[in-house]
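Grab a coffee and open the viewer. Below are some exercises, each followed by a worked solution.

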Amino acid sequence: MSEPKGDYSIRVANLSKVYRVYPRPLDMLREIVQRSPHHTEFAALRDVSFEVKRGDVMGIIGLNGSGKSTLLKIITGTLDKTAGEVDVRGRVSAILELGTGFHPEYTGRENILTGGLCLGMTRDEVMRKMDGIIDFSGLREFIDRPFKTYSSGMQARLTFATATSIDPDILIIDEALAAGDAAFVQRSFSRIRQICKSGCTALLVSHSTGMLGQVCNRVLWLDQGSIHMIGDPLSVIRQYDLNIHHLVSAYRNPVRTGVEPGDSSRAGASKSEPGIRPMSEFDPATLYQAAPHSVFRAGPVIIERVELLNQHGQATRLFSPWDSLVIRAHYRCDGEIPDDTLGMAMSLNRKADLLAICHGSSANPDSYEDTAHYNRVPFRKKPSHAGVMEARLQPLQLAPGEYLVSLGLLPGVPGNLQFYEYHHFAYEIAVHSGGASQTAGFVYPLVHWSHNSSNGVYESPTAGAVKPADWREHLLQTTQEPGQYKSINEEIDSVCFREGGYPNGWLRHQHCPCCLSTRIISAFLKFNLEHWVCGECDFVFLNPYPPPQLLDRLYNAAYYPAVRRFVELPKAKAGREDAALFSYPISVMLRIIEEARSSVGTGRWLEVGGGIGSFAHLVQQRLPDWSVFFNETNRVSLDAAREAYGLATLSDSPAELKARGLEFDVISAIDVLEHTPDPCEFVRQYLQVLRPGGILVIGVPRFSRLNRLISQESSSAVIPPYHLSLFNEHNLVRLLNRAGPFENVRVWVDGIPAFTLLDFVKTWQHWDIKVPDAIQDQPTGVQVTPYPEHVSRWLNALGAAYELTRDLFLEVDGGSLLTVIARKK
Ligand SMILES: [Zn+2]
């Protein structure tokens, strides 16, 4: 190798890597024996030359198989080259694969030590840097847990923090940051920039061109082993993105008039961008005439004209934050009208670095839709010979700056990206600050779609001029076999208020049903039903509560029988051990079974309530030598349990069971106690038929301390009028001891966090649940009122924060499932 010249860290000259490919394993032998070639050659890299200057951050992009990883492996010395020269100057720290060199069984702290030693640090050096690495990773709370328990994002954080701690001369990262969350990725970028300022060089491989646009000062595009283009990030990324669109869309008849993307732009080519005219050349007057070379057209739906309008319907390129952005595509259809409904997709990219700010597609099913309804949503209809598709972003949640708008029309088929016509980065808009200082974030845009054609105007229900009542009607009308009520709120309204006489005729607690204290006060309303709390034991309960005949009606009206019949029964009959049939994770169910088996051996198990008997069935399967009985007073559930599982059923009350002289070794009631107004009495009744030494298992949703203090009616554990009692671990144990005598009382808390930040928002005021039917065989959420704009913004932010806060709330406040196991004295 010649003596290195110039101020570079990495110099690659005429590098090639050729793999021999033998069609069959025998061919390798034949080649040796016969001394004639029996292989074909595959060039992973061909004649690649470039230099990376000291302090450069170079991004590498390319499709899978373009040679990116091969190049990095040769530079880091883990793979041999076939020809050419590679000169690397300095200490290299590489993250080629997530968790490389990290032992899954070791804790995070132990892995920092071994990882640091592998990178060439001394033990003292690692120990000195330990705190800094832990701080940067943000994993202090988890650092003494095994690495294998980390999520991929946490693994990425620890790997990156360790790899960058050695003050490398050259940092090489292959896709590892993709697993990190947005906040960590941003922090990683600042660290990369910071260490590159002090002369370090970085090579980053990523599929996220937006990410590379932010951090790199040069980008190299590899295509089939050769350098396709190298240069300033934005030019290369624009060309690359354009090329990707070209590839995925497989246009039959593109009308691009510019140069084929990338064709003339070989390595080291000029700074001009042949595929795209610089935005500054656009005359505002002709702004909405898309640059022809950014238009891909396949037909038969053709975009004739595009308008960008503000909230007053004026064409403009300048918007204020919280204004509306209306993107209107006037189309015509040349030739036969396609069979699929017409869809529209749009995206916004920040002009400075092409970072994708948001994507929207009318072909995305919304959360309240399913496949059965997809094409019945009113704004999804076939194209006509001429019409207008519109996307309205309202409010326009963009920070001040300049953005590029892309849009296209395509078949309204989820997942289909075969555009009829697509305009790539074709329109520029600017958002001015309006005097306010704001910082940018990532948002889900509220996009409101509409389609105005010869068949009239239809609008999507998601935002803007929503007509929620109509939309709700539309969904509810699809009921093929109309029950008495179409939605659960209707049922509650009717049974509890219009006919049930609330609050007159309902029963009142004079003291806490759990601890008998008279220090009880009214705490909050949900669905206008009053909830009280006990000042002594924190027990929360519906007060007044429905009389027994009314409760009976609720469980035998529309919703519960429909769930048994259309949701649970078909699943059970299909023989699947479907987690959806249990309110608990199967792992917890199995733990209960194992616990009972190990303390009782064998005997008689009475499972009380619990849907259509899925848990009783599971017990019977796991404990074949036991006698399992399913006890339930609701006829619909009993019939379903026999039909689905052939279970032995008992419809008797506990007093009747006792009169028949029956006794059991285990009695379980999962998600039953919260449905009873007097849970202590319920436990006492069943205790009569539990033999001394027998096991009682109670499972309930957990109404945690934070739920009780903060979310109250917004907590998903509060479901009146069905949930009459809300427990935490303390008052449930207290209640058992009052109903007792018990010994060996044990409590488990499981499940997802009982409290999340989303519990601040009264989502239940905006949603209803459709009663399932033969067509719509899942309980479907129906949005009944749109969220105010500021609440939508909150929901976005809280949703994004969930990943970050989930573990925290799980740790400080615990999970959503509460199980108590106790032995009768
Ligand atoms: Zn109490």
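A salt bridge here means a side-chain nitrogen of Lys or Arg within 4 Å of a carboxyl oxygen of Asp or Glu. Keep in mind that this is a predicted model.

**Exercise 1.** Work out which parts of the chain the salt bridge between Arg519 and Glu536 links.

*Solution.* Start with the distance: Arg519 and Glu536 come to 3.1 Å, N to O, and form a salt bridge. Next, place the two residues. Arg519 sits in the loop between helix 10 (488–498) and strand 21, while Glu536 belongs to the loop between strand 22 and strand 23. The two are 17 residues apart, and the pair links distant parts of the chain. Last, check the accessibility of Glu536: its value is 40%, so Glu536 counts as partly exposed.

**Exercise 2.** Find the donors of the zinc ion and name the geometry of the site.

*Solution.* First, list the ligands. The SG atoms of Cys512, Cys515, Cys534 and Cys537 coordinate the zinc ion at 2.2 to 2.3 Å. Now look at the spacing of these donor residues in sequence, which reads C-x2-C-x18-C-x2-C. Then take the angles. Four donors count as tetrahedral if all angles lie between 85 and 135 degrees. The angles among the four donor atoms run from 103 to 113 degrees, and the site is tetrahedral. For reference, the ideal angle for four tetrahedral donors is 109.5 degrees. As for cover, Cys512 and Cys515 are both buried.

**Exercise 3.** Trace the open sheet that contains strand 22, and say which strands are at its edges.

*Solution.* The sheet has four strands in the order 21-22-23-29, and the pairing is antiparallel. Strand 21 (520–526) and strand 29 (725–726) each pair on one side only, which makes them the edge strands. Inside the sheet, three bridges join strand 22 (residues 529–534) to strand 23 (residues 540–542). Across that pairing, Val533 faces Val540 of strand 23.

**Exercise 4.** Strand 8 pairs with strand 3 and with strand 9: decide for each whether the pairing is parallel or antiparallel.

*Solution.* Take strand 3 (residues 57–61) to begin with. Strand 3 runs parallel to strand 8 (residues 218–223), with four bridges between them. Gly59 has Val219 of strand 8 as its bridge partner. Now go to strand 9 (residues 226–231), which pairs with strand 8 in the antiparallel sense over five bridges. Val219 turns up again here, standing opposite Gly231 in strand 9. Finally, inspect the hairpin of strand 8 and strand 9: two residues lie between the strands, and Gln224 takes a positive phi near 50 degrees.

**Exercise 5.** Of the 28 salt bridges in the structure, examine Arg11–Glu51 and Asp144–Arg109. What does each pair tie together?

*Solution.* In the pair of Arg11 and Glu51, the closest N and O atoms are 3.8 Å apart. Arg11 lies in strand 1 and Glu51 in strand 2 (residues 40–53), so the salt bridge ties together parts that are 40 residues apart in sequence. Arg11 is partly exposed at 22% relative accessibility, and Glu51 is partly exposed at 37%.

For Asp144 and Arg109, the closest N and O atoms are 2.9 Å apart. Asp144 is in the loop between helix 4 (123–137) and helix 5 (152–163), and Arg109 is in helix 3 (residues 108–118), so this pair ties together parts 35 residues apart in sequence. Arg109 is partly exposed, at 31%.

Definitions and conventions. Residues are numbered from 1 along each chain as its sequence is written. This is a predicted model: local features need pLDDT of at least 70, side-chain atom pairs count only at pLDDT 80 or more; totals for chains, interfaces and linings use all residues. Side-chain values use heavy atoms; hydrogens and water are left out. Donors are N, O and S atoms within 2.8 Å of the metal (3.2 Å for Na, K and Ca); water is not among the atoms, so sites may look incomplete. Four donors count as tetrahedral if all angles lie between 85 and 135 degrees; four count as square planar and six as octahedral if opposite donors are over 155 degrees apart and all others between 65 and 115; anything else is irregular. Buried means under 20% relative accessible area, exposed over 50%, partly exposed in between (1.4 Å probe, protein chains only). Two strands pair if DSSP finds at least two bridges between them.
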